[in-house]
Amino acid sequence: MSETLTSSPTETSLDDFRAEVKTFLAANCPESMRQPILEESDTYFGGRNGTFKDADQEKWFNAMAARGWTTPEWPKKYGGGGLSKAEAKILKQEMRALGCRPPILSFGIWMLGPALLQFGTEEQREQYLPDIIQGKIRWCQGYSEPGAGSDLASLQTLALSSGDEYVVTGQKVWTSYADKADMIFALVRTDGSGKKQIGITFLLIDMEAEGVSTRPIKLISGKSPFCETFFDNVRVPKANVVGQENAGWTVAKYLLTHERSAISGAVDGDMMTPLSYYAKKSVGLTDGKLSDGLLRAQVAAWEIDGAGFKFTLDRINEEMKAGQAIGARSSFMKYYGSELNKRKYELRLDCQGRDALAWDGAEHNGGKIARQFCRTKGNSIEGGTSEIQLNIISKHILGLPS
Ligand SMILES: Cc1cc2nc3c(=O)[nH]c(=O)nc-3n(C[C@H](O)[C@H](O)[C@H](O)COP(=O)(O)OP(=O)(O)OC[C@H]3O[C@@H](n4cnc5c(N)ncnc54)[C@H](O)[C@@H]3O)c2cc1C
């Protein structure tokens with residue numbers, strides 16, 4: 001990527017860039033990495049103990065990481081791709097056209113990285129961003145507590161000052177992949193005397209530090225993707241505060257806008273496999289139309305709504321390209337994307353009829369669709385529930401009273 005392309009993309013240079021991307025993807029994205037993600041091991045999560053499922057996954061990840069394209073728009077000085085927004089959009093479009101899987105799924109990329117770029121010190125950026133880009137460190141998110149979910153600011157995990165360290169004690173819950181993560185970005189209470197949003201600090205904690213423990217929680221889908229996380233007098237350097245002490249709420253909210261748009265983006269990527277493809281396979285065609293009239297109408301309605309959502313995401317991306325902050329629009333994206341994904345999997349079950357009930361067995365692909373259906377129910381809870389997103393939309397986008 002030449003400097004000229006990055007600083008002032010003309011139509012011709014963007015055409016050249018598109019051609020370069022197509023050639024790169026054709027050569028480096030193996031066929032098996034162009035299939036929908038159906039289970040966790042279909043994607044790479046990175047980390048100190050990260051393992052690849054197979055050689056194709058490793059090849060695809062390494063090729064993207066070598067160019068910094070795991071984070072296309074992050075600055076080159078930290079090892080990111082340094083692409084302009086227009087170039088990053090082209091990369092995304094071409095990956096989507098081929099059905100390429102993301103080379104890595106990383107909370108570091110989706111959530112922490114943007115917060116470090118916005119609020120971190122230069123030392124923190126240099127310490128963490130290159131490892132996030134190269135998939136060497138896996139992060140988890142320590143926000144929710146047993147008494148603080150939607151009402152996040154009520155969190156009670158305490159960080160007491162002790163010289164140049166904090167001593168952290170408390171419990172987090174629903175911490176996705178805490179048992180596999182190397183580090184956690186956590187919200188802790190450093191002052192309980194005033195308004196609850198004030199007195200929260202955003203802290204980076206090593207999961208191997210003495211006093212940190214996790215316990216997996218088993219879900220309806222049969223998996224245990226998240227944990228309870230306990231802190232028992234854990235000593236954490238004050239240098240690990242992102243932003244200012246007691247001002248972590250601002251960092252936390254900024255990170256949530258990235259989490260919410262990432263959840264909607266992931267849903268958007270998944271939507272690229274047309275629902276009509278599965279419907280045709282299951283019920284067949286009569287006179288060129290889906291044989292089941294009701295299913296035909298539902299699939300058509302979903303595909304129209306999906307296309308509308310995709311155009312809306314494109315518009316929001318264009319507005320961001322023009323320098324607008326995403327703000328409360330991330331709530332709209334998260335809300336609608338989650339609800340669409342839930343509808344999609346309900347229809348996928350309808351398409352499969354009674355086969356959809358299969359939970360196990362090789363002939364039913366290990367019950368992947370049924371398990372994925374159960375997982376989509378979590379989409380409208382994680383990152384803030386649908387009701388909370390509607391509250392934010394009504395207040396901050398529609399201007400309605402609280
Ligand atoms: C798949 C998944 C992954 C997750 N991963 C993580 C993670 O990695 N780290 C992390 O910290 N947390 C994680 N969470 C937790 C998630 O952020 C919380 O579950 C979520 O914020 C809701 O909090 P709660 O479960 O305490 O529910 P509550 O806050 O108790 O809500 C219960 C119900 O009441 C409704 N409600 C509450 N307040 C209002 C209101 N003011 N107006 C209208 N309705 C309201 C909610 O919408 C919901 O339906 C994850 C959750 C899921 C499902």
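Welcome to this protein chain, where residues 24 or more positions apart account for 71% of the contacts with a separation of 6 or more. What you see is a predicted model. The points below take you from the whole chain down to one of its helices.

**Overall build**
- The secondary structure of the protein chain adds up to twelve helices and ten strands.
- With a radius of gyration of 22 Å, close to the 21 Å that the globule rule gives for 402 residues, the protein chain is as compact as a globular protein of that length.
- If you drew a box along the principal axes, the C-alpha atoms would fill roughly 75 × 50 × 50 Å.
- Of the 402 residues in the protein chain, 37% are buried.

**How far to trust it**
- The protein chain has a mean pLDDT of 91, and 95% of its residues reach 70 or more.
- Take care with residues 1-7, where the pLDDT is below 50; beyond near neighbours in sequence, this stretch has ten contacts in the model.
- Where pLDDT is low, the predicted coordinates should not be read in detail.

**A look at helix H11**
- Helix H11 spans residues 368-376, and its buried residues are Ala370, Gln372 and Thr376.
- These buried residues sit on the same side of H11, because the arc they cover around the axis is only 165 degrees.
- What do the buried residues of H11 pack against? Their partner is helix H10, residues 329-352.

Key: Residues numbered from 1 in each chain as written. Predicted model: local features only at pLDDT ≥ 70, side-chain atom pairs only at ≥ 80, totals over all residues. pLDDT = per-residue confidence, 0-100. Contact = placed C-beta atoms within 7 Å. Helix = DSSP H or I, 4+ residues; strand = E, 2+ residues; numbered from the N terminus. Rg over C-alpha atoms; globule rule 2.2 N^0.38 Å. Buried ≥ 20, exposed ≤ 12 C-beta atoms within 10 Å, placed from the backbone. Arc of directions from axis to C-beta.
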